[in-house]
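Let's take a walk through this one together, starting with a charge and a ring and working outwards to the sheet and the aromatic pairs.

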Amino acid sequence: MLILCIYTWMSMMSDIRSDRRHHLQLTSNSVRSVLSNQESMLELVGWQLLDDFNLDSFDDVPFTESVATRLLDRLLTLNPAVAGFGLADTEGHMRYVTSDMAGRSLPNLATQGVSHFSFAEAINARRMVLGRTYYMPALLQQLVPIRVALRNSQGQAVAVMTAGLKLSGANAFLSDDLYWGNASGTLLIRRSDRYLQYELAGGEWPVWGYQTPVDTDFMDAITRSNPTNDTSFSVPVNQVSVDHRPPEGAGPDQLFTATFAGETVIGLSMYLPEYDLWLVSAIKRSELVNRYLSTIAGYLLVFAVLQLILYLGVTAAQRVEREKNGALLHQATHDPLTQLANRAYVFSRMHRWLQRGEPFCVLYIDMDHFKNINDHFGHEFGDKVLMEVADRLLDSIPTNALAARQGGDEFLALVHCEQHGCEEVQQIANTILRRLAEMYYINKVPVELGVSIGLARYPQHGDQVDDLLRASDIAMYEAKKHRNCLREYTYDMQIEHQNMLDMEQQLRHGLARDEFFVVLQPQLDSSGRLHGFEALLRWQSQALGLVSPERFIPIAESIGLMPRLGDFVLQQALQLVREIQETVPSYFRMSINISVRQMVEPGFLDTLKQHLIRFGVKPQLLTLEVTESLLIDDIGYMVSLLNKIRGLGIQIALDDFGTGYSSLSRLSNLPIQELKIDKSFVDDMLRSDTSRVMVCNIIEIGKNLGIRSLAEGVETREQLDLLRSFGCELFQGYYYAKPLQQSELGAWLAEHPEALEPTLWENLVEDSIS
């Protein structure tokens, strides 16, 4: 009986150790994941307010308070675990806050007693700093403050982005799933000052609170139980150095027994060095004793019978616990929508394979045009598509491979190269490519998607997780250039990717350095008379030289710089109209390309009106060129906006017509006065029947709808004669002139005196202006 009692107690303690160890692992993963995501978000938000404009001081911030508040409010809506955002200067004054704090009396973070230590630490640290948990009256919340310093190019802190994580409620920053029993407690304790950062406990757990530090005896106990963590550094707290150095010889998962708030508790601890926190999972010893005594009491009554009952009960409890642990583990390591492995599980598996030295391949999979699915059918429909993608991906890979969802419409597949050779891995990738590109039928609606796959191999393309993922990501972006194909990583891709990143950096500085300028290419009618000019953007980079628009325009679009560049072109072109019109006796039109991102900017129409007034240019002299892709996202909004622009007297031209999505029925309802025939058709029409028929049809469509046609890229007399025979009215290209700088216009006009002869449309413009 004594042996049985001892065994029962040891078994219970072993289960407690196992439970607490597993609980600590799950909780630490959750804490690290949440805080890492919040740190990335704070940096992203801070640089959204500061660094996009290459600012070196807080005084340079160009955002108005209302714009910053709207941005922070929108992020607050997307991140319900955060009670409020704020941007403070290095003196501790809150400059921008979310609207729920606006108008309230906000403390100075550098002087307020509860926040000044963490604020000063954030200024000096190059990581996110957690402040002491406290109640903030302005937000009516008990919060864990988090702070990240934003630094200029010299590494000096120029501002501090701060937020408050909610401790309780449906949107608490840590899930209530971490609660493990009525007599259990989960604690996050600040190592530096022994204050509780977070406490999640059952109703019978002794609550400590956040106002006073935890006893040093308790801290010594949890430190001794976990000596494998490096906690030997000292942090001054209230001018006292706190140093918890674990003793030698203790076990790495040794249970500790200590007094907490007057109660004896048993548990395990783990140190999180990146946030200077002790994580504790413990249970009241009295609860364990009660469990033990209730078990032994049954033995004392009917030893023989209760042995069987105990065995069955323990077995059932273990099975339930395993199921519970399995469910928790699955939840922590799998994507809730597709049930594929998530990013954290992929990292864990790749680290394991790297430690074993097992050759494997990473397939980075991206669904082309998936955004259009969500935009046209809604996110619920898009989720069903993603679930079908996940099922097809699982069917396309070997049973010992791993499929995972990276995020959004991006997926990963890990395949052993040792068991599957190079050619077989490519066959697997091609199978994935074929299966994922097949037609989807969701709610009986056919949906077609393309797939781009990047392939990286270990150890050829990297020996670290981040290196392999980056290599496969770069290869995937190379595949996206061609769509629906597979590309394997090469060093040249890395160079090209780095060149693109370098160009991004140079682009961000180009406007400030006055590196952009506008050139003008003449547009003439069939008699050689000047119709107008097209304003074209050029970039003379200090670091890269003269950069082709075909190279920098797509990058500017991808990083959101086109609205600023487009506004620059608009102002420069209007200024040139005013200056040139003073010296040229006849009227001419100025054509300006407008990007999608620029047109959907709030206040675009008001800005356009202001620029016309500022430069004194009549709207009748301006033509805005829009592309067909502008009309596929929100046709109702775009048609309304184009009608308002046309109502000002501005002409609308449809650029690159024939390469996009416009139908005749849609075209007839648009306020279009000019169709621009794409240069690719003009280049091929002398040798391609298809291009020749396309050009002829475009011109006929324009005539039938009362819209003039303008051919781009006219370079030879043969092209000009053929276009004239088709009835094309306007021409632009090197046959007449290359794009000219303002200083070259005078010489060109002198060589082409017929260009200044009055045209019919000039009389119409003169009548409308007068």
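## Charges, rings and a sheet

Arg132 lies over the face of Tyr195, 3.9 Å from the ring centre. Keep in mind that this is a predicted model. A second arrangement of this kind involves Arg392, whose charged end sits over the ring of Tyr440, 3.7 Å from the centre of that ring.

Now for the sheet. Five strands make up an open sheet with mixed pairing, in the order β15-β16-β14-β19-β20. At the edges you'll find β15 (402-407) and β20 (485-488), each of which pairs on one side only. On average, neighbouring strands here are turned by 20° against each other, ignoring direction.

Zoom in on β14 (residues 360-368) and β16 (residues 410-416): these two run antiparallel and are joined by seven bridges. If you want a spot to click on, Ile365 stands opposite Phe411 in β16.

Which helix lies across β14, β16, β19 and β20? That's α11 (residues 465-480), and it runs at about 145° to β19 (450-458).

On to the aromatics. The structure holds 14 aromatic pairs, and here are two of them.

| Pair | Centre to centre | Angle between planes | Type |
|---|---|---|---|
| Phe218 and Phe260 | 5.0 Å | 50° | tilted |
| Phe516 and Trp539 | 5.5 Å | 20° | stacked |

Why does the Phe218 and Phe260 pair count as tilted? Its planes stand at 50°, and tilted is the label for whatever is neither under 30 degrees (stacked) nor over 60 (edge-to-face). This pair links distant parts of the chain, with Phe218 in helix α4 (residues 216-224) and Phe260 in strand β11 (residues 256-260), 42 residues apart.

Are these two rings buried or exposed? Phe218 counts as buried because its relative accessibility is 1%, and Phe260 is buried too, with a relative accessible area of 0%. The cut-off for buried is under 20%. Both residues also belong to a cluster linked by ring pairs, made up of Trp205, Trp208, Phe218, Phe256 and Phe260.

The stacked pair has its own story. Phe516 lies in strand β21 (residues 516-525) and Trp539 in strand β22 (residues 530-541), so the pair ties together parts that are 23 residues apart in sequence. Phe516 is buried, at 4% relative accessible area, and Trp539 is buried as well, at 0%.

Conventions
Residues are numbered from 1 along each chain as its sequence is written. This is a predicted model: local features need pLDDT of at least 70, side-chain atom pairs count only at pLDDT 80 or more; totals for chains, interfaces and linings use all residues. Side-chain values use heavy atoms; hydrogens and water are left out. Two strands pair if DSSP finds at least two bridges between them. Helices (H or I, at least four residues) and strands (E, at least two) are DSSP runs, numbered from the N terminus. Axes are lines fitted to C-alpha atoms, for helices over the stretch in contact, and angles run from 0 to 180 degrees between N-to-C directions. Contact means heavy atoms within 4.5 Å. Rings of Phe, Tyr and Trp (its six-membered ring) pair if their centres lie within 6.5 Å; planes under 30 degrees apart count as stacked, over 60 as edge-to-face and the rest as tilted. Buried means under 20% relative accessible area, exposed over 50%, partly exposed in between (1.4 Å probe, protein chains only). A charge sits over a ring if NZ of Lys or CZ of Arg is within 6 Å of the ring centre and within 35 degrees of the ring normal.
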